[in-house]
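Hi,

Here is the structure I promised to hand over. Have a look at it first, and then read on for what turned up.

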Amino acid sequence: MEPKVRKMAMVVRKFNMYEHDQAADDLNYWLSKSPVERISAVTFLVNQTLQPGQKMDKTKFRKIIVQK
C-alpha cells in the first residue's frame, strides 16, 4: 500500500491593518452561512463558557422553525 501524500498549499493574505475592514469581512462570512450553521456556532460558543453539568439558559429564546 502506498503512503498517502498530503497536498497543502500555504495561503497568505496581507492587508494594511489601518485600511482593512475586518468587521465587514466577518459579517460577509456569517451571512454566507445558513441560519442553522449560525445557530450551531452560537450554541457551540455558549457551551464553551458553561461549567460541567450546567445547561444553557434557553428562556431568552423563542422557538422558531428554520427552513433549510
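Let's start with Ile-39, which sits in helix α2, the stretch covering residues 35-49. Keep in mind as you read that this is a predicted model. Is Ile-39 buried, partly exposed or exposed? Its relative accessibility is 46%, so Ile-39 counts as partly exposed, because that class runs between the 20% limit for buried and the 50% limit for exposed.

Ile-39 also belongs to a nonpolar patch on the surface, along with Val-36, Ile-64 and Val-66. Taken together, those four residues have about 310 Å² of accessible area.

Next, the largest pocket. How much space lies in it? The figure is about 380 Å³. Ile-39 turns up again here, as one of the lining residues. From the patch, Ile-64 and Val-66 are in the lining too. The other residues that line the pocket are Val-42, Thr-43, Val-46, Met-56, Lys-58, Phe-61, Arg-62 and Lys-63. Sorted by class, the lining has seven nonpolar residues, three charged ones and one polar one.

Now for some residues outside the helices. Met-8 lies in the segment that comes before α1 (22-31). With 66% relative accessibility, Met-8 counts as exposed, since the cut-off for that is over 50%. Measuring tape out: how far apart in space are Met-8 and Arg-62, C-alpha to C-alpha? The answer is 43 Å, with their positions 54 residues apart in sequence. Arg-62, remember, is one of the residues lining the pocket.

Glu-19 is in the segment before α1 as well, and at 68% relative accessibility Glu-19 counts as exposed.

On the other side of α2, Thr-59 is found in the segment after that helix. Thr-59 is exposed, with a relative accessibility of 63%. The C-alpha atoms of Thr-59 and Glu-19 are separated by 41 Å, and the two are 40 residues apart along the chain. For Thr-59 and Val-11, the C-alpha distance is 43 Å and the sequence separation is 48 residues.

Over to you!

Best wishes

Note on methods
Residues numbered from 1 in each chain as written. Predicted model: local features only at pLDDT ≥ 70, side-chain atom pairs only at ≥ 80, totals over all residues. Heavy atoms only, no water. Patch = residues over 30% accessible without salt bridge, like charges linked within 9 Å, V, L, I, M, F, W, Y side chains within 5 Å. Areas by Shrake-Rupley, 256 points an atom, 1.4 Å probe, with all protein chains shown as cover. Salt bridge = Lys/Arg side-chain N within 4 Å of Asp/Glu carboxyl O. Helix = DSSP H or I, 4+ residues; strand = E, 2+ residues; numbered from the N terminus. Buried < 20%, exposed > 50% of the residue type's maximum accessible area, 1.4 Å probe, protein only. 1 Å grid on protein atoms, 1.4 Å probe; cavity = no way out; pocket = protein on both sides within 12 Å on 5 of 7 lines; lining within 4 Å. Points joined across faces, edges and corners; volume = space filled by probe spheres on them. Nonpolar A, V, L, I, M, F, W, Y, C, P; charged D, E, K, R; others polar.
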